[in-house]
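Me: Let us go through this structure by question and answer. Keep the replies short.

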Amino acid sequence: MSAKLQAPRGTYDVLPEEATRRAAVEAAAARILGAAGYRRIETPAFEATELFARGVGSSTDIVQKEMYTFEDGGGRSLTLRPEGTAPVCRAYLEHGMQKLPQPVKLWYLSSFFRYERAQAGRQRQFWQVGTEAIGSADPAVDAESIVLLAELLDALGVREVRLRLGSLGTAETRATYREELQAYLRAHEDRLSDEVRARIDQNPLRAFDADHPGTREVMAAAPRLLDRLSGEDADHFATVCALLDGAALTYEVDPTLVRGLDYYARTVFEFTSDALGAQSGVGGGGRYDGLIEQLGGPPTPGVGWAAGVERILLAADQSHVGEPVVDLFVAYAGEEHRAAGFQIAHEARRAGLAAQLELAGRSVKGQLKQADRIGARYVAILGEEGATVKDSESGGQETVEPGAVVHHVLRGRSL
Ligand code: HAM
């Protein structure tokens with residue numbers, strides 16, 4: 001016997017109950033982002049590999065280890081998108097969006113692919129809802145975009161959310177700082193863990209994340225990038241903080257916040273939820289003022305974020321993302337009433353009601369049970385005397401002509 005076919009590791013099927021909860025995420029995003037002038041964009045599931053090598057950065061884990069790259073029949077190297085910022089910037093350039101009033105504010109909800117170690121909240125195919133605001137260096141765009149993500153997480157009932165905020169300054173500031181940090185680490189080498197010591201050249205910033213007691217002591221007094229920002233970058237950061245304070249958003253300035261993508265400059269931020277386990281990052285983003293230029297465009301600033309849909313749902317209070325509404329369930333006592341029932345359900349849907357007809361040949365008792373199971377507000381039972389319409393909310397019932405059922409439900413619903 002052949003082995004059972006299963007979805008590949010790190011992927012999963014979105015079953016109807018889950019699809020309903022996702023639809024709630026999409027609806028909240030459309031409402032909250034739409035109200036702030038963001039418009040939806042969708043880019044292809046795969047792109048030229050070069051886009052990510054140039055955009056995300058060839059030294060990142062994503063590009064080095066996590067991309068699904070393949071050659072197509074024409075010998076082109078293509079990659080399933082591991083993230084959305086580089087593709088949206090590519091689309092911005094390709095469609096001449098620099099001619100539109102700036103900033104161009106876009107949002108997306110799409111699937112992304114990374115070859116990562118799969119576990120709860122970390123998949124190989126996952127979904128992100130994200131925004132990109134391209135064409136303005138105003139710190140108000142950073143603050144607005146952060147506030148919008150906070151609002152979205154709140155609307156979806158994501159629990160125990162914390163926001164960390166930092167600034168990376170410019171690439172030059174970072175390069176100078178890196179040298180300073182390396183020199184500091186070397187001067188205290190004897191107190192560092194072997195692992196941190198081995199990575200001084202490669203990734204000195206990792207030392208801030210170490211659990212090793214000696215390393216932690218050394219790092220407590222280490223120079224911090226946030227204290228080395230240029231005047232302009234420091235002003236930009238101060239304005240972002242002041243705007244967030246004005247919006248009464250709680251955040252923690254984290255001078256060591258690092259992100260896994262190379263394109264960031266200035267503001268970076270991350271939302272975590274303590275309701276999640278090890279994969280506590282719900283969403284994150286920042287400013288990427290050099291990215292468009294790196295993709296061959298004119299110098300153009302940008303800022304955005306992405307949040308993992310699976311992680312939002314894992315961290316959300318279940319009651320916030322409810323089941324679909326069913327206004328009417330049409331039941332019937334005997335097959336001779338089925339055609340009338342069919343017509344009523346059809347008419348009800350044309351009138352804008354969510355209506356379902358009995359389709360499994362159940363007894364009347366079984367049909368009432370089914371109506372209850374799906375949470376139908378009204379049940380119409382067709383029989384010899386006409387249609388008995390029950391209101392599950394008030395407990396009341398009334399017998400009407402079959403042709404009057406839809407009107408009856410519409411009137412009842414608007415009361
Ligand atoms: P990112 O931090 O790599 O940023 O991903 C954003 C969010 O996607 C994470 O916080 C997490 O919730 C979710 N996520 C990432 N990888 C996985 C995975 N393997 N499984 C499940 N969820 C995952 C970006 O992708 C940037 N493009 C964000 C951005 C937009 N920056 C500026 N604009």
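Me: Before we start, what counts as a strand here?
Reply: The model is predicted. Helices and strands are DSSP runs, numbered from the N terminus. A strand is a run of E of at least two residues.

Me: Then which strand holds Glu270, and is Glu270 buried or exposed?
Reply: Glu270 is found in strand β9. Buried means under 20% relative accessible area. Glu270 has a relative accessible area of 16%, so Glu270 is buried.

Me: Which side chain makes a polar contact of 2.5 Å with Glu270?
Reply: Glu270 touches Arg162, Leu163, Arg164, Leu257, Arg259, Gly283 and Gly284, not counting residues up to four places away in sequence. The polar contact of 2.5 Å joins the side chain of Glu270 to that of Arg259.

Me: How far is a polar side-chain atom of Arg259 from an oxygen atom of the ligand?
Reply: The side chain of Arg259 is also the one in polar contact with Glu270. From a polar side-chain atom of Arg259 to an oxygen atom of the ligand, the distance is 2.9 Å.

Me: Which residues are closest to the ligand?
Reply: The ligand is surrounded by 27 residues. A polar side-chain atom of Thr85 lies 2.9 Å from a ligand nitrogen atom. A polar backbone atom of Gly281 is 3.0 Å from a ligand oxygen atom. The closest residues are Glu83, Glu116, Gln123, Glu132 and Tyr264.

Me: What is the bridge partner of Glu132 in β11?
Reply: Strand β6 covers residues 125–134. Seven bridges join β6 to strand β11 (residues 302–308), and the two run antiparallel. In β11, Glu132 is partnered by Gly304.

Me: How many bridges join β5 to β6?
Reply: Strand β5 spans residues 104–113 and runs antiparallel to β6. One pair has Phe113 opposite Gln125 in β6. Of the ten residues of β6, eight are buried. The bridges between β5 and β6 number ten.

Me: What span should helix α9 have at 1.5 Å a residue?
Reply: Helix α9 has 16 residues, 231–246. The expected span is 1.5 Å times one less than the number of residues. The end C-alpha atoms of α9 are 22 Å apart, which agrees with the expected span of 22 Å.

Me: Why are the buried residues of α9 on the same side?
Reply: The buried residues of α9 are Asp233, His236, Phe237, Val240, Cys241 and Leu244. They are on the same side of α9 because they cover an arc of only 130 degrees around the axis.

Me: Which residues are exposed on the other side of α9?
Reply: The buried residues of α9 pack against α5, β7, α6, β8, β9 and β10. On the other side, the exposed residues are Glu232, Asp235 and Gly246.

Me: Within what arc do the buried residues of α1 fall?
Reply: Helix α1 runs over residues 16–35, and its end C-alpha atoms are 28 Å apart, as expected for 20 residues. Buried in α1 are Arg21, Arg22, Val25, Ala28, Ala29, Ile32 and Leu33. They line one face of the helix, because seen down its axis they fall within an arc of 120 degrees.

Me: What covers the buried residues of α1?
Reply: The face turned away from the buried side carries exposed Pro16, Arg31 and Ala35. The cover over the buried residues of α1 includes β5, β6, α5, β11 and α11.

Terms used:
Residues are numbered from 1 along each chain as its sequence is written. This is a predicted model: local features need pLDDT of at least 70, side-chain atom pairs count only at pLDDT 80 or more; totals for chains, interfaces and linings use all residues. Side-chain values use heavy atoms; hydrogens and water are left out. Helices (H or I, at least four residues) and strands (E, at least two) are DSSP runs, numbered from the N terminus. Buried means under 20% relative accessible area, exposed over 50%, partly exposed in between (1.4 Å probe, protein chains only). The arc is that of the directions from the helix axis to the C-beta atoms. Contact means heavy atoms within 4.5 Å. Two strands pair if DSSP finds at least two bridges between them. A residue is near a molecule or strand if one of its heavy atoms lies within 4 Å of it. A polar contact is a pair of N or O atoms within 3.5 Å; within protein, one must be able to donate a hydrogen and the other to accept it, and residues adjacent in sequence count only if both atoms are side-chain atoms.
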